Amino acid sequence: MEMFLKPTVLIVDDDAEVREILRTLLEDEGYPVVLARDGREALYKANHDIGVILLDVEMPVFDGLRVCAALQLNPNTAKIPILFLSGWNDELVRKLALEAGAYDFLSKPVCVSELHIKLSALASFSFHGFAGNKRDHFRQAVSRAATSYHAQEAESEREWFAVMA
């Protein structure tokens, strides 16, 4: 069971349907959610108690890479973990996202369990200070979150089978 408060997640995507699907998924998991439909709105909303950002790469006004770079330059937002979302499953886009400061990259359509694991990992240390390489800490947290997630899934299956027996 998670022993920490879940951070507010800023979902930034120009596709209203994607924003709503992600919002529903995250709110069902107990995450507070804030929505932004473009990069300009994201830059404004990121300054208001945001713990994690899910950021689309390709958007009007400012694309996700420019938004990420701007967030990294602002002392108020530079430490907010960013997960990029993109329909482009392209190695160059992934590389550019990581170079811009993202923690990781998720391809659309998003795998729900992967999203849950990575958000749990970010949430587990986004409120605690850490020293060293942020991506190394993130990879370790993802590993722990994946183990926990799979253990919870296995327990749910056992409970389901017990009820069905």
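This passage walks through the fold, the nonpolar cores, two of the helices, a loop proline, a surface patch and the salt bridges of a predicted model.

Start with the overall layout. The protein has six helices and five strands, and reading from the N terminus the order is β-α-β-α-β-α-β-α-β-α-α. Of its 165 residues, 39% are buried. Among contacts with a separation of 6 or more, 60% join residues that sit 24 or more positions apart. About 9300 Å² of the protein is exposed, and carbon and sulfur atoms make up 56% of that area.

Next, the inside. In soluble globular proteins, nonpolar side chains tend to be buried together. Here the largest nonpolar core takes in 21 residues, and the ones that touch the most other members are L10, V12, I53, L55, I82 and F84. At least two residues of this core come from each of β1 (9-12), β3 (52-56), α3 (64-73), β4 (82-86) and α4 (91-100). I53 gives a good feel for the packing: once neighbours within four places in sequence are set aside, this residue contacts L10, V12, A46, L71, I80, P81, I82 and L83. A separate core of 16 residues lies apart from the 21-residue one, with V52, L54, L85 and L119 among its members.

Two of the helices that feed the largest core are worth a look of their own. In α3, the buried residues are G64, V67, C68 and L71. Seen down the helix axis they fall within an arc of 100°, so they line one face of α3. Cover for these residues comes from elements including α2 (39-45), β3, β4 and α4. On the face turned away from the buried side, α3 carries the exposed residues R66 and L73.

Helix α4 can be described along similar lines. V93, A97 and A100 are buried there, and because they cover an arc of only 65° around the axis, they end up on the same side of α4. Their packing partners are α3, β4 and β5 (104-107). The face of α4 turned away from its buried side holds E91, L92 and E99, which are exposed. After the helix comes G101, with a positive phi near 120°.

Then there is P32, placed in the loop between α1 (16-28) and β2 (33-36). This proline is partly exposed, at a relative accessible area of 36%. Leaving out residues up to four places away in sequence, P32 touches K6, P7, T8 and V9. P32 and K6 are 26 residues apart along the chain, yet their C-alpha atoms are separated by 7.4 Å.

On the surface, I21, L25 and V112 make a nonpolar patch with about 230 Å² of accessible area together. I21 belongs to helix α1 and is partly exposed, with a relative accessible area of 46%.

That leaves the charged residues. Side chains of opposite charge can pair when their charged atoms come close. Nine salt bridges turn up across the whole structure. One of them joins D13 to K108, with the closest N and O atoms 2.6 Å apart. This pair ties together distant parts of the chain: D13 is in the loop between β1 and α1, K108 is in the loop between β5 and α5 (112-126), and the two positions lie 95 residues apart along the sequence. D13 is buried, with a relative accessible area of 0%, whereas K108 is partly exposed at 26%. Both also belong to a salt-bridge network that includes D56.

Another bridge pairs E27 with R23, at 3.8 Å from N to O. The two are four residues apart in helix α1, which means that about one helical turn separates them. E27 is partly exposed at 39% relative accessibility, and R23 is partly exposed at 28%.

A further bridge runs between R37 and E41, where the closest N and O atoms are 3.3 Å apart. E41 lies in helix α2. At 17% relative accessibility E41 is under the 20% cut-off, so this residue counts as buried. Beyond its neighbours within four places in sequence, E41 is in contact with L35 and A36.

Definitions and conventions
Residues numbered from 1 in each chain as written. Predicted model: local features only at pLDDT ≥ 70, side-chain atom pairs only at ≥ 80, totals over all residues. Heavy atoms only, no water. Buried < 20%, exposed > 50% of the residue type's maximum accessible area, 1.4 Å probe, protein only. Contact = heavy atoms within 4.5 Å. Areas by Shrake-Rupley, 256 points an atom, 1.4 Å probe, with all protein chains shown as cover. Core = buried A, V, L, I, M, F, W, Y, C linked by side-chain atoms within 4.5 Å. Arc of directions from axis to C-beta. Patch = residues over 30% accessible without salt bridge, like charges linked within 9 Å, V, L, I, M, F, W, Y side chains within 5 Å. Salt bridge = Lys/Arg side-chain N within 4 Å of Asp/Glu carboxyl O.
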